[in-house]
Amino acid sequence: MAGLKDATAIVGIGQTAFARRLPEDERTLACRAVLAALDDAGIAPREVDALASYTMEETDEVELAKSLGLGDLTFFSKVGYGGGGSCATVAHLAAAVATGQATVGVAWRSRKRGSGPRPWTNTTVQLPTPAQWTRPFGLLRPADEIAMLARRHMHEYGTTRDHLFNVALACRNRANQNPAAVMYDRPLTREMYMTSRWISEPLCLFDNCLETDGALACVVVSRERARDCRSRPVYVHSAAQGLPAQHHGMVNYWNDDPLTGPAWTAARHLWKHADFTPQDVDVAQIYDAFTALVPLSLEGYGFCDRGEGGAFTEGGALETGGRLPLNTGGGGLSEAYVHGFNLITEGVKQLRGTSTAQVPGAATCLVTAGEGVPTSALLLRN
Amino acid sequence: MLSPAIDADGAPFWRYAARGELRIQACADCGGFRFPPRPCCPRCRSFATEWRAVGGHGRIWSYVVPHPPLLPDYAEQAPYNVIVVELADAPAVRLVGNLVREPGARLDSVAPGGIRIGARVRVVFDGDGLPQWVLERV
Ligand SMILES: [Zn+2]
C-alpha cells in the first residue's frame, strides 16, 4: 500500500496580521485567512469539499462554509486536545484526499487570545478529572503544569535555565527577521531573560508564549492536483498522531514515566513511514507554548537521546546555520501564539524558499503540535 | 479557593480524606493501585475496586512556585509552592499537593528555598479534609 507518503501536498497558505489586539472578530479573521490560503493556491472557494480544525476553535465548519460560499463538504474533522491537534488537521485532510473522500481540504485556526479571556480568570470553572486532583492546590495554569516537568528534567538531567534561554533566544532572533512577528522589533538578551519576572518557577516570563490575535489557514490537495496550483507544492511526507498508553494530559505525573510524553508515540509512527531520519531534517518547527517543551520534543522526536534535550540547545544548535534551525518565523514564543498553526505555515515557507529566515536549500522540515497533550506531527518535504 | 468537583469514581478519596485517612483506589482482583480513580483496572480490566490505606509517606518528585497572574485567592498567597509527591507505598501514584509548615497552614508557609526534590514528606489534612504535606522529621 502506498499510504500517505507524498500523496498530498500543501499548496496554499494564508494568514491575517498578528497582534495583541485586532479589531475584527474570530469568524472574520478565519474567513480572511482561508480566502488568502485559497488565493495562494489558485483554487476557488466553491471547490473546497473538506475542512479540518481542532478544539478551542470557535468558528465552526458550518459558519465557514456558509460565509465563504464553499462547495458541498464530504469530509470534516475536528481534532481534540487543543494545541496537540494542529498538525493532525493537515494529517486528516491528507488522509481524506489520499483516499478519495475529498479533493480540496482546508485547515485553519482563528484565535483572539491577546484580547480575549484567559482560562485562569474563569472562577466558575468546574474541576473534573484530572483538574480536581491538581487545581485546588494552586496548580492552575498550563505554565504551572509544564514547569513541574521542567523542574524534574533539570533535576534528573542537569538541564539549566540557560538551555531554556537558548530556545527563547532562537525564536526571538528569527522573529527579529520576520516583519509579521509580534516581537519583530524587540531583541532579547540573556540579561533580560535572567532578570525577568517569574511566572511559575522555574519558568520565567520569556519561557511563555505570546498571547495573540490572528488566524491562519492552509490548503491540501492530491499530488496530481498540486501540479496545477499557483504556488509550489510542499508534500506531506509523513504524518502521525500520538496518545501514549496511560497518558493523562498535561498533568501526566502519575504515569510510569512522565518525561516521555506523546511526542515519543507520534515520532515512532512518523519515522516508520518516512524515507529520512532525524539526521536528515533541515529545519524544525517545534511547538513552543513553553520553552521547556522543546528539549522534551527534541528527545521525543529523536534528535538526541533521553535527557540530552537541554544540552542539544548549546552552541547555537537552534540558530540559523546550527544543527537544527528552530521555529524560523519566531514560533509561539515570538512570532504569534496561534495554537501552533503558524509553525505549519512557516514549514511551508521554508520548503518554498520564502521564509524571512530561510535555511539555504531546506528540503525537509519537521512540524510538531503541542507536547504534553495528545499530539500530532508532520514531516514536510519539497 | 477552588474545590474539587467530586465525581462518582473519586468520591471515596475525599470521603476518607475528610476523616483524615489517605486511601488510594486499587484493583480488588490484581491488587494494582490506580490514580486518578477510574471504573476499570487497566491491567486486568476488572471492575472490582477497593480503597487501600497507604502510609502517607512519600518524597517530593518535583515542585513549582507559581507567581501572579493567578486566581485572586491564590494570588493572595503567591508565591507559594505546589509539589508532586511520590508515595512510598505506590511510587507511580504521584499526588499533587502543597508543602506546608503545619496542618491548615497557608500555601506559602514554607519558603521555596526549603524545598528540594527527594525530600521526605508526610500527609496531613487541613480543616476541610484537603490533603497537605509536611516535611518528615528524620
Ligand atoms: Zn486489576
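Here is a walk through a two-chain model, from its confidence scores to its interface and a few backbone details.

Let's start with how far to trust what you see. This is a predicted model, and the predictor gives the complex an ipTM of 0.97 along with a pTM of 0.96. Chain B has an average pLDDT of 95, and 99% of the residues there score at least 70. Keep one habit in mind: where pLDDT is low, the predicted coordinates should not be read in detail.

Now look at where the two chains meet. On one side, 37 residues of chain A are in contact, and on the other, 39 residues of chain B. Put together, chain A and chain B bury about 3,500 Å² between them, and carbon and sulfur atoms account for 64% of that. Which elements of chain A give two or more residues to the side that touches chain B? They are α4, running over 142-157, and β5, covering 198-201. Of the contributors, α4(A) gives the most, with seven residues. If you sort that side of chain A by class, you get 16 nonpolar, 13 polar and eight charged residues.

What about particular kinds of contact? Across the interface of chain A and chain B, the rule finds zero salt bridges. Polar contacts are another story: 19 residue pairs turn up across the interface, with both partners at pLDDT 80 or more.

The strand β5(A) deserves another look. It pairs with strand β3 of chain B, which spans residues 57-66, and the two run in the antiparallel sense over two bridges. To find the spot on screen, go to E201(A): this residue stands opposite V65(B) in β3(B).

Next, follow the backbone of chain B and you'll meet a couple of cis peptide bonds. One joins F35(B) and P36(B), with omega at about -10°. P36(B) sits in the loop between β1 (23-27) and β2 (49-53) of chain B. Another cis bond joins P68(B) and P69(B), where omega is about 10°. Where does P69(B) lie? Look in the loop between β3 and α2 (72-75) of chain B. That is the β3(B) whose pairing with β5(A) you just traced.

Finally, hop back to chain A for a backbone detail at Y81(A). Its phi is near 75°, a positive value in a residue other than glycine. You'll find Y81(A) in the loop that links β3 (75-79) to α3 (86-98) of chain A.

Note on methods:
Residues are numbered from 1 along each chain as its sequence is written. Chains are lettered from A and ligands numbered from 1 in the order in which they are written. This is a predicted model: local features need pLDDT of at least 70, side-chain atom pairs count only at pLDDT 80 or more; totals for chains, interfaces and linings use all residues. Side-chain values use heavy atoms; hydrogens and water are left out. pLDDT is the predictor's confidence in each residue, from 0 to 100. Contact means heavy atoms within 4.5 Å. Buried area is the accessible area (1.4 Å probe) that two parts lose on being put together, summed over both. A salt bridge is a side-chain nitrogen of Lys or Arg within 4 Å of a carboxyl oxygen of Asp or Glu. A polar contact is a pair of N or O atoms within 3.5 Å; within protein, one must be able to donate a hydrogen and the other to accept it, and residues adjacent in sequence count only if both atoms are side-chain atoms. Helices (H or I, at least four residues) and strands (E, at least two) are DSSP runs, numbered from the N terminus. Ala, Val, Leu, Ile, Met, Phe, Trp, Tyr, Cys and Pro count as nonpolar, Asp, Glu, Lys and Arg as charged, and the others, Gly among them, as polar. Two strands pair if DSSP finds at least two bridges between them.
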